[in-house]
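Student: Could you walk me through the empty spaces inside this protein? I'd like to know the reasoning behind each label.

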Amino acid sequence: TLAFFNGEFLPTDSLVIPIDERGHQFGDGVYEVIKIYDGTPFLMREHLVRLENSAKAIRLEMPYSIERFEELIQEGLTRAQLRDAQVYVQITRGIATRLHSFPDVPPSTSMTFRPSKSLTEETFNTGIKVALLEDERWYNCYIKSLNLLPNILAKQAAADRGCFEAVLVRDGYITEGSSTNTYAVKDGVVYTHPANKRILNGITRAAVLQVAQESGIEVREEAFTSEFLLAADEAFLTSTTAEVLAITHVDDTVIGTGTPGPVVRQLHAKFRKLIG
Ligand code: PLP
């Protein structure tokens with residue numbers, strides 16, 4: 001597979017990141033994952049704007065303009081000859097002798113271009129199980145930072161219980177999944193945590209909430225408790241890679257009928273139309 005590091009396209013295997021790269025030593029950077037459907041990057045501009053906002057939030061200069069990033073991503077896709085792909089974009093505070101305070105060096109940019117790992121249609125048709133776990137992350141979850149240790153630990157704890165995702169609970173309220181946004185449906189209304197510092201404002205989340213509103217489905221961006229989730233008619237999660245995916249079980253509790261309900265099925269179908 002193809003990669004990019006600081007101006008050069010190279011095979012992934014040949015890349016050696018210097019030891020003193022700050023992404024590597026401190027997780028001092030931000031990232032994005034963009035999905036490419038049949039040669040067309042989906043919501044690429046939105047992802048790059050979020051990258052810019054994440055960079056700003058950690059006082060990191062963007063190494064390229066959004067337009068230049070778009071060109072580099074298109075070039076990578078052409079070079080890799082990929083039509084259905086996932087592009088990973090990471091920027092960090094650069095390469096400098098290890099010291100916590102900011103170095104006076106240019107930022108680093110890394111990218112990888114890989115075939116997309118899509119879920120099977122069967123997964124979408126049956127839905128998935130999630131585990132509830134304590135949200136042990138920091139208070140700036142709106143930044144798409146490289147520091148993913150709490151997310152990784154939660155995802156693995158969920159996987160150990162045979163679950164697809166960890167749904168996180170902070171002060172009794174559902175925030176989001178370890179790498180997804182979380183929703184409950186009650187009496188035809190879609191509930192999801194407001195886009196504040198406690199969650200990552202998903203690009204898929206924004207698209208799906210718009211699709212819901214256009215379909216006449218009421219949306220309330222309100223935090224809800226784990227009890228509310230367990231008693232919901234339907235539940236689902238969204239992300240760039242998981243699209244719109246029904247949650248049919250939360251630990252040992254069956255949600256609704258235990259199969260993807262009408263609201264999630266409608267939202268996924270309309271989301272797929274948006275993809276084209
Ligand atoms: N929440 C977290 C913590 C994430 O890491 C992600 C994506 O990786 C999402 C939500 C979903 O965001 P998006 O729809 O932009 O992929």
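Student: Why is the largest cavity said to lie where it does, with respect to domain 1 (2–115) and domain 2 (121–275)?

Tutor: Both domains give residues to its lining, so the largest cavity lies between them. The domain bounds come from an automatic or database domain assignment. Bear in mind that this is a predicted model, where local features need pLDDT of at least 70, side-chain atom pairs count only at pLDDT 80 or more, and totals for chains, interfaces and linings use all residues. Residues are numbered from 1 along each chain as its sequence is written, and side-chain values use heavy atoms, leaving out hydrogens and water.

Student: What makes a residue part of the lining of the largest cavity?

Tutor: On a 1 Å grid over the protein atoms alone, a cavity is a set of points where a 1.4 Å probe fits but cannot get out, and lining residues have an atom within 4 Å of a point. Lys-35, Tyr-37, Phe-42 and Ile-203 are among those lining the largest cavity. Strand E3 (29–37) and helix H6 (203–214) each give two or more residues to that lining. Helices (H or I, at least four residues) and strands (E, at least two) are DSSP runs, numbered from the N terminus.

Student: How many cavities of 30 Å³ or more are there?

Tutor: Two. The largest has a volume of about 50 Å³, and the second largest holds about 30 Å³.

Student: Which element gives the most to the lining of the second largest cavity?

Tutor: E14, with three residues.

How values were computed. On a 1 Å grid over the protein atoms alone, a cavity is a set of points where a 1.4 Å probe fits but cannot get out, and a pocket is an open set with protein on both sides within 12 Å along at least five of seven lines; lining residues have an atom within 4 Å of a point. Grid points are joined across faces, edges and corners, and a volume is the space filled by probe spheres set on the points.
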